[in-house]
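Colleague: I should like to learn how to read charged side-chain contacts. May we work through them together?

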Amino acid sequence: MAKFWVCAAGAGFFLACLILHSRFCGSPVLRNFAFQISWRTEEVLYRLDVDWPKYSEYFTGATFSVAVDSLNGLVYVAQRGDNIPKVLVFTEDGCFLRAWNYTVDTPHGIFAASTLHEQSVWITDVGSGSYGHTVKKYNSFGDLVQVLGTPGKKGTGLNPLQFDNPAELYVEDTGDIYIVDGDGGLNNRLVKLSQDFMMLWLHGENGTGPAKFNIPHSVTVDSAGRVWVADRGNKRIQVFDKDTGEWLGAWNNCFTEEGPSSVRFTPDGKYLIVGQLNLSRLLFVAVPPVGSIGDCSVISTIQLADQVLPHLLDISRKTGAIYVAEIGAKQVQKYVPLNSFFSSFGS
């Protein structure tokens with residue numbers, strides 16, 4: 001029995017040395033080992049809200065994206081399929097309100113950009129029909145307000161601006177727009193437009209170097225003025241200065257298995273939530289301080305069921321709830337923060 005306890009103590013000491021060595025000496029093998037250990041002992045931050053929505057029968061197609069209008073308590077879901085409504089509108093409590101299908105061909109990304117004076121919904125359309133290869137602005141009831149791109153015609157042009165399978169966009173409160181144009185096809189670029197749709201800066205070329213992309217799939221902006229892009233095909237996240245477009249750095253050490261598909265920040269700005277499509281997993285990554293990008297550090301995960309395939313996600317600014325559009329399960333699921341985690345949003 002004494003030998004057993006001696007062996008157990010020795011094993012524990014060896015494991016502690018491995019983890020400390022990985023932290024301070026930077027060994028990639030040991031660091032990966034330490035990451036696996038930390039994931040197994042991670043704190044659970046969110047739970048599934050099994051009652052959202054109240055009736056799931058409204059999901060009649062492949063649910064590709066979701067957007068939260070936190071100001072008005074609305075959730076927009078974009079789905080694909082024949083002879084079905086392409087956009088569903090719910091309350092954050094899960095009540096179905098309405099659906100619409102006007103001038104939407106094949107939706108990919110969706111974003112809600114509402115102010116006190118206007119409720120706006122933006123959709124990236126990757127269809128091959130008369131409404132495809134565009135980025136479009138609607139009001140909450142589906143009336144078309146603005147079209148960016150050349151409807152029904154893909155291209156690489158900048159004047160007039162053309163798209164080829166625009167994946168997603170992010171609209172700041174100022175009205176500035178960030179578009180990742182490159183869900184396969186001609187373009188692999190990040191475009192920033194002003195509120196009056198003038199080109200401010202652009203990064204765009206297929207490749208693996210800094211500021212080059214291979215399927216830029218999702219984009220978001222943090223409170224420190226940094227633009228974060230899910231460079232899915234290159235298995236990394238790239239970061240840019242939102243004012244100048246300067247490349248600030250990249251993360252790839254968290255994405256050796258699969259690249260990121262979706263990126264959004266928690267309301268307190270402490271965590272970047274990253275969706276991984278084929279792994280059916282959500283990562284909670286610690287946000288680095290201003291002036292430093294460093295390596296990504298996974299704090300927690302949510303492992304979804306196999307083949308759920310989380311494509312794009314969004315987060316409520318008010319409640320911190322995460323809404324995940326799952327193209328495999330053909331549904332949107334809602335995850336709500338636990339009370340202890342939610343209280344940190346106000347700190």
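Modeller: Certainly. A salt bridge is a side-chain nitrogen of Lys or Arg within 4 Å of a carboxyl oxygen of Asp or Glu. The model shown here is predicted, and the structure holds 13 salt bridges.

Colleague: Which residue forms a salt bridge with E172?

Modeller: The partner of E172 is K242, and their closest N and O atoms are 2.9 Å apart. E172 lies in the loop between strand 10 and strand 11, while K242 lies in the loop between strand 16 and strand 17, so the pair ties together parts that are 70 residues apart in sequence.

Colleague: Is E172 buried or exposed?

Modeller: Buried means under 20% relative accessible area. E172 has 13%, and therefore E172 is buried.

Colleague: Where does K192 lie, and where does D176 lie?

Modeller: The side chains of K192 and D176 meet in a salt bridge at 3.8 Å, N to O. K192 lies in strand 12 and D176 in the loop between strand 10 and strand 11, so this pair ties together parts 16 residues apart in sequence. K192 is buried, with a relative accessible area of 4%, and D176 is buried at 17%.

Colleague: How many residues apart are D49 and K334?

Modeller: They are 285 residues apart: D49 is in the loop between strand 1 and strand 2, and K334 is in strand 24. Their side chains meet in a salt bridge of 4.0 Å, N to O. Both D49 and K334 are buried.

Colleague: Which residues are linked in a network of salt bridges?

Modeller: E168, R264 and D314 are linked in such a network.

Key:
Residues are numbered from 1 along each chain as its sequence is written. This is a predicted model: local features need pLDDT of at least 70, side-chain atom pairs count only at pLDDT 80 or more; totals for chains, interfaces and linings use all residues. Side-chain values use heavy atoms; hydrogens and water are left out. Helices (H or I, at least four residues) and strands (E, at least two) are DSSP runs, numbered from the N terminus. Buried means under 20% relative accessible area, exposed over 50%, partly exposed in between (1.4 Å probe, protein chains only).
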